[in-house]
Amino acid sequence: MAACNTSQSVVRTSKSNQPKTSEPVAQRVKKPIYRPATAKSGGVTTQKSTSNPATNTASSEILEATTRVKVTTEMVLAYIEKYKNIAKENMVNTGIPASITLGQAILESGAGTGPLSVQANNHFGIKCHKEWTGPSIRYTDDAENECFRKYEEPSGSFKDHSYFLTSRPRYASLFQLGKDDYAAWARGLKAAGYATDPKYPEKLIGLIERYQLSKYDAEVLGNDYMAVVPQKEISYTDDSQKYTVVKGDTLYSISKRFNITVEELKRKNNMVDNTLSLGQTIIVK
């Protein structure tokens with residue numbers, strides 16, 4: 001399982017049902033270098049903006065994946081179309097929102113264009129570690145020539161991602177959340193230690209809302225779908241005061257502590273509900 005940030009990816013592993021082989025396949029690949037882009041939007045760095053990704057496919061973006069890769073909106077939409085049914089099936093079997101699965105896959109694989117996804121069908125950057133005995137590929141990430149799992153099909157990577165979240169106790173609290181509450185899931189993943197990037201929830205939520213991935217959650221749940229207008233990225237100023245959420249906090253208790261209304265807290269932090277996550281940083285002034 002990969003955890004992603006803008007400068008360095010953090011990768012965790014899970015058990016897999018891949019068949020054992022006596023001689024793992026190993027390849028060496030060099031991490032490509034891309035020029036930095038100029039502006040950011042949600043979970044992507046945008047070079048040319050579009051108002052509707054479903055109708056305008058001329059824009060290009062830099063996805064902060066295991067590598068930084070440049071993709072067009074058309075490429076992202078094609079990736080979603082290709083893997084949406086796998087994500088929906090996994091949601092039925094495991095309870096993990098399809099929007100979360102697709103959003104993480106897009107972010108961490110560069111919409112399927114990153115070296116690991118192309119050469120190893122590894123869409124979530126899952127490393128080998130000692131329990132892995134299947135095929136592998138060598139790739140320079142946190143260290144030189146690290147071992148990453150190689151799958152026969154992309155579906156194996158998606159299955160490993162689902163197994164990782166359902167088998168780790170640290171993620172058990174996620175399954176108490178609503179299956180249609182992708183924002184709470186995104187914040188919960190960060191709070192449970194899935195990623196070290198403090199902006200990981202915002203990036204994931206930004207992708208989900210930009211590409212309207214929550215409609216697949218609604219399809220699985222049999223709910224009506226209402227498109228969400230993407231939230232603006234929070235901008236902290238020098239005179240803003242921030243607070244880190246600890247166990248037992250609620251929006252109401254925080255509002256009393258800092259003499260601010262709950263509605264004002266939600267407005268300052270672009271929150272659509274009252275959900276808080278441990279370790280979450282919110283603006284209180």
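A residue is called buried when its relative accessible area is under 20%, exposed when it is over 50%, and partly exposed in between (1.4 Å probe, protein chains only). The views below come from a predicted model, in which local features need pLDDT of at least 70 and side-chain atom pairs count only at pLDDT 80 or more, while totals for chains, interfaces and linings use all residues. Residues are numbered from 1 along each chain as its sequence is written, and side-chain values use heavy atoms, with hydrogens and water left out.

**Overview: the protein chain has 9 helices and 11 strands.** Helices (H or I, at least four residues) and strands (E, at least two) are DSSP runs, numbered from the N terminus. Of the 285 residues in the protein chain, 49% are buried. Look next at contacts, meaning heavy atoms within 4.5 Å. Among contacts in the protein chain with a separation of 6 or more, 62% are between residues 24 or more positions apart.

**Close-up of Arg 187, a residue of helix α5.** Is Arg 187 buried or exposed? Its relative accessibility is 13%, so Arg 187 counts as buried. Setting aside neighbours within four places in sequence, Arg 187 is in contact with Pro 201, Ile 205, Asp 273, Thr 275, Ser 277 and Gln 280. Take one of these partners: Thr 275 is 88 residues from Arg 187 in sequence, yet the two lie 8.9 Å apart in space, C-alpha to C-alpha.

**Close-up of helix α6, which is mostly covered.** In α6, 10 of the 11 residues are buried. They include Pro 201 and Ile 205, both of which also appear among the contacts of Arg 187. Charged-looking names are on the list too: Lys 203, Glu 209 and Arg 210 are buried. Just after α6, Gln 212 takes a positive phi of about 55°.

**Close-up of helix α7 (residues 214–221) and its covering.** Which residues of α7 are buried? They are Ser 214, Tyr 216, Asp 217 and Ala 218. Their cover includes α1 (73–94), α2 (98–109), α5 (182–191) and α6 (200–210). An α-helix has 3.6 residues a turn, so residues three or four places apart point the same way. Just after α7, Gly 222 has a positive phi of about 75°.

**Close-up of α1 packing on α7 at an angle of about 45°.** The two axes are 10 Å apart; axes are lines fitted to C-alpha atoms, for helices over the stretch in contact, and angles run from 0 to 180 degrees between N-to-C directions. That angle makes α1 oblique to α7 (under 35 degrees counts as roughly parallel, over 145 as roughly antiparallel, 65 to 115 as roughly perpendicular and the rest as oblique). The crossing of α1 and α7 is right-handed, meaning that the near helix is turned clockwise from the far one by less than a right angle (anticlockwise would be left-handed). On the α1 side, look for Ile 80, Lys 84, Lys 88, Met 91 and Val 92, which meet Tyr 216, Asp 217, Glu 219, Val 220 and Leu 221 in α7.

**Close-up of α2 and α7, whose axes cross at roughly 150°.** Here the axes come within 7 Å, and α2 is roughly antiparallel to α7. The crossing of α2 with α7 is right-handed. Ala 98, Ser 99 and Leu 102 of α2 make the contact with Ser 214, Tyr 216 and Asp 217 of α7.

**Close-up of the disulfide between Cys 128 and Cys 147.** A disulfide is a covalent bond between the sulfur atoms of two cysteines; in this search it is a pair of cysteine sulfur atoms within 2.5 Å. How many disulfides does a search of the whole structure find? It finds 1, with a distance of 2.1 Å from S to S. The pair links distant parts of the chain, 19 residues apart: Cys 128 sits in the loop between α3 (115–120) and β8 (136–139), and Cys 147 in strand β9 (residues 146–149). The torsion about the S-S bond is about -70°, so the disulfide is left-handed. Cys 128 is buried, with a relative accessible area of 3%.

**Close-up of two loop residues, Ala 111 and Asn 259.** Ala 111 lies in the loop between α2 and α3, and its phi is near 55°, a positive value in a residue other than glycine. Asn 259, in the loop between α8 (251–257) and α9 (262–268), also has a positive phi of about 55° although it is not a glycine. Ala 111 counts as buried at 6% relative accessibility, whereas Asn 259 counts as exposed at 74%.
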